[in-house]
Amino acid sequence: MTRALIVVDVQNDFCEGGSLPVAGGARVAYDIGQLLRERAASKEPQQTYGLVVATKDHHIDPGDHFGNPPDYVSSWPAHCVVGTDGEAFHPNLDPVTFDEIFRKGEYAAAYSGFEGAATGGTSLTDWLRAQGVEEVDVCGLATDYCVRATALDARAAGFHTRLLSDLAAGVAAASTAAAIEEMRAAGITVS
């Protein structure tokens with residue numbers, strides 16, 4: 001059974017110093033980067049993950065997803081704008097380690113990685129199924145927004161889904177706790 005790791009939105013704008021930072025974002029980037037470096041050095045990387053994919057916020061003009069001023073509920077400061085440093089992966093990650101990257105939100109809000117597509121237009125669901133993936137682990141930023149949405153969509157698509165909570169960080173304690181409970185209730189394993 002093939003297991004994939006989905007690394008959600010570990011981008012500069014979501015880490016300390018970015019336009020929409022999550023406390024602990026740089027640490028999450030470092031820890032995920034360390035896991036990926038260990039996988040690359042392993043003689044049997046398939047024992048950890050057969051595949052590793054990433055999602056990216058990839059905004060061109062997402063409409064009222066960007067607010068002026070933002071309400072921090074459904075509108076946010078400009079972030080992850082295509083062509084800016086904020087859209088890039090955090091330097092603690094090496095994009096070469098990803099088997100595929102799924103970009104989302106060019107012209108609308110998109111929280112789930114399953115709303116994104118690879119460069120050729122393939123959806124995350126179709127790509128994972130084509131690779132024979134049945135189980136996914138989800139990590140990244142932010143637990144209470146894009147990680148939550150991605151994990152819930154993975155479960156809804158029929159993948160056995162696990163949240164790696166030690167490789168994720170949330171925006172706020174209360175919303176993160178609520179998101180974790182929602183994921184558990186949906187049948188997602190939280191580790």
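This short talk goes through the sheet, the helices that pack on it, the salt bridges and a few backbone details of a predicted model.

Let me begin with the sheet. Six strands form an open sheet in the order β3-β2-β1-β4-β5-β6, and the pairing is parallel. The edge positions are taken by β3, residues 100–104, and β6, residues 189–190; each has a single partner strand, so one side of each is left without a neighbour in the sheet. At the β6 edge, strand β5, which covers residues 160–169, is joined to β6 by two bridges, and the two strands run parallel. If you want to find this place in the viewer, look for leucine 163, whose bridge partner in β6 is valine 190.

Now to the helices. Helix α1, residues 25–41, packs on the sheet and touches β1 (2–8), β2 (51–57), β4 (133–141) and β5, its direction making about 125° with that of β5. Helix α3, residues 143–156, lies across β1, β3, β4 and β5, and runs at about 175° to β4.

Let me turn to the charged side chains. How many salt bridges does a search of the whole structure find? The search finds ten, and I will take three pairs and then a network.

In the pair of aspartate 9 and lysine 104, the closest N and O atoms are 2.8 Å apart. Aspartate 9 lies in the loop between β1 and α1, whereas lysine 104 belongs to strand β3, so this salt bridge ties together parts that are 95 residues apart in sequence. Are these two residues buried or exposed? Buried means under 20% relative accessible area; aspartate 9 has 0% and is therefore buried, and lysine 104, at 1%, counts as buried too.

The second pair is glutamate 87 with lysine 56, where the closest N and O atoms are 3.4 Å apart. Here, too, distant parts of the chain are linked, since glutamate 87 sits in the loop between β2 and β3 and lysine 56 in strand β2, 31 residues apart. Both glutamate 87 and lysine 56 are buried.

In the third pair, glutamate 182 forms a salt bridge with arginine 148, with 2.7 Å between the closest N and O atoms. This salt bridge connects two helices, with glutamate 182 in α4 (residues 173–185) and arginine 148 in α3, 34 residues apart. Glutamate 182 is partly exposed, with a relative accessible area of 34%, and arginine 148 is likewise partly exposed, at 25%. As for the network, Arg3, Glu135, Asp137 and Arg162 are joined into one by salt bridges that share partners.

Finally, some backbone details. Which peptide bonds are cis? One runs from asparagine 68 to proline 69, with omega near 5°, and proline 69 lies in the loop between β2 and β3. Another runs from leucine 141 to alanine 142, with omega near -15°, and alanine 142 is found in the loop between β4 and α3.

There are also residues with a positive phi that are not glycines. Aspartate 9, which we met in the salt bridge with lysine 104, has a phi of about 50°. Tyrosine 72 has a phi of about 60°; this residue is found in the loop between β2 and β3 and is partly exposed, with a relative accessible area of 44%.

Conventions:
Residues numbered from 1 in each chain as written. Predicted model: local features only at pLDDT ≥ 70, side-chain atom pairs only at ≥ 80, totals over all residues. Heavy atoms only, no water. Pairing = 2+ DSSP bridges. Helix = DSSP H or I, 4+ residues; strand = E, 2+ residues; numbered from the N terminus. Contact = heavy atoms within 4.5 Å. Axes fitted to C-alpha atoms, helices over the stretch in contact; angles between N-to-C directions. Salt bridge = Lys/Arg side-chain N within 4 Å of Asp/Glu carboxyl O. Buried < 20%, exposed > 50% of the residue type's maximum accessible area, 1.4 Å probe, protein only.
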